[in-house]
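Visitor: Could you take me through the aromatic rings of this model and the nonpolar groups around them? I would like a close look at that one part.

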Amino acid sequence: MFGCLVAGRLVQTAAQQVAEDKFVFDLPDYENINHVVVFMLGTIPFPEGMGGSVYFSYPDSNGMPVWQLLGFVTNGKPSAIFKISGLKSGEGSQHPFGAMNIVQTPSVAQIGISVELLDSLAQQTPVGNAAVSSVDSFTQFTQKMLDNFYNFASSFAVSQAQMTPSPSEMFIPANVVLKWYENFQRRLAQNPLFWKT
């Protein structure tokens, strides 16, 4: 029903079923994993009105599992990428795997999938830094650069009454910079690579 993928490793499709509605994948050598992809195989859909909460578990210093909610998969969203590299030092959250007697060894983390009602999934809050940004780094850089330039240029804004005439300097009205900034943002949102054409 589910698959799990880590870069540089073989795809895992044989989840260990630990309860009727709970599945677990082992992630050996988890300290070297940055992202994990969880996906439905497409062979068995969720029953109507159901989806799967996706959890990450790693052993704490005492060897006890620490579970953190990453997000979910559903028939309408059959795959998801999660960043787990920053989660290994976080605190655990409420999870449905507590009563399970799942063997966990040092240096092996687990991905757990719990089949639940869609209404229940909508009320859950995943750990904040597990979601992978859907905006690429170039778009993020460009947005930060635009914000920085606009803020910098705006910090020198003066009213017409405050201006002192200086024949050797050119002045650009702040509303022109603002118009350029808004146009650039709009075009970047429509097509992040518009500047290549």
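Guide: Here is a walk through the ring pairs, then the cores, then a patch on the surface.

This is a predicted model, so local features need pLDDT of at least 70, side-chain atom pairs count only at pLDDT 80 or more, and totals for chains, interfaces and linings use all residues. Residues are numbered from 1 along each chain as its sequence is written, and side-chain values use heavy atoms, with hydrogens and water left out.

Let's begin with the rings. Rings of Phe, Tyr and Trp (its six-membered ring) pair if their centres lie within 6.5 Å; planes under 30 degrees apart are stacked, over 60 edge-to-face, and the rest tilted. That rule gives eight aromatic pairs. In one of them, Phe2 and Phe23 have ring centres 5.2 Å apart and planes at 65 degrees, so they meet edge-to-face. Phe2 belongs to strand 1 (residues 2-5) and Phe23 to strand 3 (residues 22-28), so this pair ties together parts 21 residues apart in sequence. Strands here are DSSP runs of E with at least two residues, helices runs of H or I with at least four, both numbered from the N terminus. Phe2 and Phe23 are both buried, meaning under 20% relative accessible area, with exposed over 50% and partly exposed in between (1.4 Å probe, protein chains only). Ring pairs also join Phe2 and Phe23 with Phe46 in a cluster.

Phe2 turns up again in the largest nonpolar core, a set of buried Ala, Val, Leu, Ile, Met, Phe, Trp, Tyr and Cys residues joined through side-chain atoms within 4.5 Å. Among its 27 residues, Phe2, Leu27, Phe56 and Ile111 touch the most other members. Several strands each supply at least two residues of this core, including strand 1, strand 3, strand 5 (50-59) and strand 8 (108-117).

A second, separate core has five residues, among them Tyr181, Phe184, Leu188 and Phe194. Tyr181 is buried, at 12% relative accessibility. The Tyr181 ring also pairs with that of Tyr150: the centres are 4.8 Å apart and the planes at 20 degrees, so the pair is stacked. Tyr150 sits in helix 2 (residues 137-154) and Tyr181 in helix 3 (residues 174-190), 31 residues apart, so the pair links distant parts of the chain.

Finally, Phe171 lies in the loop between helix 2 and helix 3. Phe171 is partly exposed, with a relative accessible area of 45%.
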